[in-house]
Amino acid sequence: MLMMPFREFFRVAFAGLLTVVAFPALLHAQLTVSGRVTDETGRGLPSASVLIDGTRIGTVTEEDGSYRLVVAEPAPPLVLLIRAFGYKPQRFPLSATTGPVTQNAQLVRDILNLSQLVITATRVETERASLGAALATVEGSNIANAGVPQVDAALAGKVPGALVQLNSGTPGGGSSVRLRGLSTISRSAEPLYIVDGVIVDNGSSQLVDLGGNTSNRIADLDPNDIERVEIVKGAAAAALYGSRANNGVVQIFTKRGRAGALRVNVRTSVGQDDLETRLPVNQASVNAAGAPVAQRFDYQDQIFQTGLTSNTSVGLSGGDNNTQFYLGGSVQTQEGIVRTTDYLRQNIRLNLDRQIAPWLKLSTSTAYVTSRANRQASGGLVNNRGVLTNFLFNSNDRNLFADPVTGVFPLGQLASNPLEVLANWKAPQEISRFTGGLQLNATPFEALSIDYRVGIDNYTDAQSSFVPRGSSAPDLQGGLAISANLRARLLNQDVDVTYRWPTFGNWRFVSGVGSNYQQQKFNSTLARAENLALLVNTVQGSTQFASQSIDERRIIGFYGQQQLAYGNLLTLTAAVRSDASSAFGEDERQQYFPKFGASLDLTEVEGFRNFAGSLVNRLRIRGGLGYSGEQPPGSFDRLSNYVFEPAGSLSGVVNSTRQGNEGLRPERARETEFGFDAELFNGRVGIEYTRFDRSVTDLILPQTVTPSSGFTEQLTNVGSLENSGNEVLLRSFNVQREAFSWSTTVTYATNNPVVTQVASGGAFFIPESFNIIRVAAGQAPGHFWGTTYRRNDAGQIINAAGAPIEDANGNITGIPAIGPAAVLGNPNPKNYWSVTNEFTVKRSLALRVQLDGVGGVDLFNFDRRVLETPFFGVGAAYADELEGRVPRGYFAARRSIFEEYIEDGSFVKLREIALTWTLPGSFVEQLRARNASITISGRNLNTWTDYTGWDPETNTGGQRTVVRGFGFAAVPIPRSIAFSVNLNY
C-alpha cells in the first residue's frame, strides 16, 4: 500500500524532469540547413565557408561541396553567408527557423579576389574592395605545392611588387624578400613577419663566418601549416605597424580546425636536387711556363652531387561548435648539392579555438621546431677558406686528391684544399625554437569587439666550426674550433578595440583603437680556439678567445583608425599610430605615422553599368597616403658606448670611436599610391594596377665628427632616397568548361631607387664588398664602382700607347690599359615579372607552369675574375693565353679592370611546373580515403641568361641590404624534381 504512491510519485517526477529538460528544445526547435556549393561548371567546391551571417555559427563544405549546418537556437532574421577563396560570396535569407532547409549555391569566380576578407593591423576582417592600398594574398595550397621547403622562397613570382630570390642553394636557406625595392641602407631590408599575430624574427645571423651560407629564420616555418599569406607592400597600408613598417609586412596565417568530423591529411614527397650549370675549366696542354701539363682536373664532380630530399607531413583537424583544433607535424630532409651538406627540420604545431561563452572566444597558436644543418664553408666576402672559394683558388693542374697510402691531402695553393675541406671540416648549425600566441576575442554586444593578444618567439641558434690539426689550410695547421650561440626572445602584446556604429542611411562607421607593446632581446656568445689540443674537436687550444654581446629594445605604440563607408560606393579610411622606442634618442622618443586611404567603386555609380556595357563589369579606383618608419640598426646607437680593449695581460675598456646621438630617430618613409581594379568581359579578365612614389628621409648613416671630440663618426639621420614604380596583375579565365579549364596570371613590377642625399663626407663604400659597392647621391643604392677600360673616341679598347687592342678580324693583339673609376652597374633590377598558366582536364588532371623573369640588373661576376687570374687560371678562358690566342699578360692586366666583370644578370627561370592527378573513386575507396592525388613537380628546371656564372639569382652577401648582385663562391640554386602523394581522410 505504501509502495504504490512512491512509484506513482517517481513516475510523475521523472516525467516532469524530462519535460523540464526538453522544454528549452521545445521552445527553441533547431534549424538544419543543408545543400551543395558548386562553381560555374557544377564542380563541388571543398572547404567553402558556410555560416549564419553576423554569428560564429558555421561549417565548411566537404570535398564534393556538400554541407550540413545545425542552428541550435535560430533567432530571426537569418542570413546564410557562403564564401570560398577566389569566388564572390553569396547571401541567402532564410525564412524558416525550424526543421530541415535545403539551400544550394553556385558561386561565381572573383577574378581579383576583391571580396576576400583580409586582416589589417587592427585585426578586423575587411573586404579587399574597401582598402585604399594594394594588398596581396597567396593561398596556402600554392605555397605547399611550390616544392620548396622555405615559405618565403615559395612566394617567388606570386605577388606583384615582391622580388623574392634565393641567395644560396645551401640546404635550409636563405632567401631575400624585397617589397617595392629598397627603403633603407643601414638596416635590413626584409619585411616584418607576423605569424598568427606573433611578431617573429627573420634574422640571418652568421655567428660563424662561412662565406654567405646563412639561412633566415622564416625557414623554420613549415609550408604545410600555412592557410594563407597576406603581403602588405606600401606605407599607405602598413602605417599602422609604425616604426617597423618601411619594408612592408608579411602576415602568415596557419591552419585552424573546423567543426565537424576528424579530418586527416597525409602528404609525403621524395625528390632530388642537382646542379643545373657547371663552369667550363681550363683544358690547356701547357702551363704558364710553357711546360706540358700531364693532367688537368675538374673538381666540380668531386664537389657537387645529386642530393635526395623528402618531406612527410600529417595534419589533423576537427572539433565541435565550441572547440576546434588543428594538430600538424612534419619531417623535412634535404641533401645539399655540395657534398657533406644536409638539412633536417622537424615541426609540430597545435592550434586551438574555444568558444568559452557566446561572447568570448579563446584561441591559441603554438609551434615547436628543431633543425640541424651540416654546412660547409664556401669562402665568400671575408673568409677565403672553403669549398667553392678554393675550387677557384687552386690551379686545376694540381692534384688535390688525398695520398692513396697516407690519406693526407696536399696543402691548398692559397688557403685550403677544397677536397680536404669536404672530407674533414665540420660546420653544423642547430635551431631549437618555440613560438606561441594566445588571443582573447570578446564581443560584449554585436557592435563591439575587443581583442587581446600575447605572443612569444623564443629560439636558440647554435653554430660551430671545426678544422682539424694538420689541415690543408697553411695558416691553420694547428686546427681551429669555434662555438657560437644566439639566444633570442621576442614578445608582443596587443589590444584592439573595434566599434561598428549604427548605420545612418547608407553610411557606415567603424572606429578602432589599440595599443602594441614589443620587447626583444638577442644574447650571443662566441668561443674560439686555435692550436687545438690533441684528440679534441671542442674549443680547447693554446690560443683562446671569447666574447659576448647583448642587443635589447622595447617599443610601445598606440593607434586610432576611423573608417567611413557609403554603401558599396565609397570607403574612406584615416588612421594614426604613435610609437616610442628605447632605440630612439631621448629628444625623439615619440614618433607619429598617419595614413589615409580611399576606395571608389564606379560600378555603383548610377548609369555606369549602362555606359560600360559588358566590357567593364567592375571598376574600382583606389589611392592612399601613408607614413612608416624603420628603427635604428643598433639598440644602443643613441649612446656613446665603451668597448673591450686588452692591454698585455690586463683587461680594460675604452670609449668607442663612434659617438652617441640622443637626437637619433627612425628612418621615415612617405609613400603615395594610386591604382585601379577592373573586371572585364563578364569577369573573365581582371587587371590590377598600382603606381607608387616613395620618399625616405632621415636615413641613418655614419657622419664624420670633429676628431677633437674623441670620436671619428656618429650615426645621424642625414640621408634620403626616392623610389617609384609600377605594379600590374593581369588574370584571365581563358577557358571555363566542365571538361577543360585554362587560366593565366601575369605579374609585372618596376622600381627605381635613387639615393638623393648622404652624409657630409660624400660617397662611401660598403664594408665587406671589396670596395666595389658604393653609396652616393644621385645613384642607385649599392651601385658598382670601379676601374674601366681606356677607350679612344671611337669607343675601341686601347693599350697604354693608345692603340686598339683588337685587329680588323677581332683578334686580341694588345694589352688593355686601365681607365678611370666610374659607375659600372646597378644591382637593383629595373623590372621583374612572372607568367603562370594553370590547366585542368576533366577535374582529374591539373597542370601548373610558372615562369619568372628579372630584367635590367647588373651582377659582379667575381668568380670569373678569379677563374681568369693567371696565378690560378682555372677558367677555360685562360687557355687562350696559354695556347697563344691572346698575348701574354693579357689576363693579368684585365683582372684589374672591374668593368669587364660586370655582367647583365637578367634571367628567366622555369620556376615551377607541377602535374597533379586526382585519383578516381575506385582507387580512393581501396585507400579508405576521402580523396587522393599524386603530383610530379619540378622547380628551377631551366635558366635562360647571358650571365656566365653558376647562377644569376644567388648573392654572396646573403640578406645584406646593399651588397647585392655579388657572385663569388655562392652555392647555386639546385634544379629540383619531386614526386608526392596527398591523402585526405
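Tutor: Before we start, two strands are said to pair if DSSP finds at least two bridges between them. Please also keep in mind that this is a predicted model.

Student: How many bridges join strand 30 to strand 34?

Tutor: Strand 34 covers residues 667–680, and it runs antiparallel to strand 30. One of the contacts between them links Gly623 with its bridge partner in strand 34, Phe674. The count of bridges that join strand 30 to strand 34 is 14.

Student: Which residue of strand 30 is the bridge partner of Ala598?

Tutor: Strand 29, residues 590–601, also pairs with strand 30, in the antiparallel sense and over seven bridges. We have already met the residue you want, since its bridge partner in strand 34 is Phe674. The bridge partner of Ala598 in strand 30 is Gly623.

Student: How many of the 15 residues of strand 30 are buried?

Tutor: A residue counts as buried when its relative accessible area is under 20%. Strand 30, which spans residues 616–630, is mostly covered, and the number of its residues that are buried is 13.

Student: In the open sheet of four strands, with the order 3-2-5-6, which strands stand at the edges?

Tutor: The pairing in this sheet is antiparallel, and neighbouring strands are turned by 15° against each other on average, with direction ignored. An edge strand has a single partner strand, so one side of it is left without a neighbour in the sheet. The strands at the edges are strand 3 (58–60) and strand 6 (90–94).

Student: Which residue of strand 3 is the bridge partner of Ser49?

Tutor: Strand 2, residues 49–52, runs antiparallel to strand 3, and three bridges join the two. In strand 3, the bridge partner of Ser49 is Val60.

Student: Which strand gives the most to the largest nonpolar core?

Tutor: This core has 69 residues, of which Ile303 and Phe860 touch the most other members. Several elements each supply at least two residues, among them helix 5 (387–392), strand 24 (448–467) and strand 36 (713–736). With six residues, the strand that gives the most is strand 25.

Student: Why does Trp917 count as partly exposed?

Tutor: Trp917 lies in strand 47, and together with residues including Phe740, Trp742 and Phe923 it forms a nonpolar patch on the surface, with about 580 Å² of accessible area together. Strand 37 (740–751) and strand 47 (907–918) are the elements that give two or more residues to this patch. Partly exposed means between the buried limit of 20% and the exposed limit of 50%, so Trp917 belongs there because its relative accessibility is 36%.

Note on methods. Residues are numbered from 1 along each chain as its sequence is written. This is a predicted model: local features need pLDDT of at least 70, side-chain atom pairs count only at pLDDT 80 or more; totals for chains, interfaces and linings use all residues. Side-chain values use heavy atoms; hydrogens and water are left out. Patches are made of residues with over 30% relative accessible area and no salt bridge: like charges are joined within 9 Å, nonpolar side chains (Val, Leu, Ile, Met, Phe, Trp, Tyr) within 5 Å. Accessible areas come from the Shrake-Rupley method with a 1.4 Å probe; for residues, only the protein chains shown count as cover. A salt bridge is a side-chain nitrogen of Lys or Arg within 4 Å of a carboxyl oxygen of Asp or Glu. Buried means under 20% relative accessible area, exposed over 50%, partly exposed in between (1.4 Å probe, protein chains only). Axes are lines fitted to C-alpha atoms, for helices over the stretch in contact, and angles run from 0 to 180 degrees between N-to-C directions. A nonpolar core is a set of buried Ala, Val, Leu, Ile, Met, Phe, Trp, Tyr and Cys residues joined through side-chain atoms within 4.5 Å.
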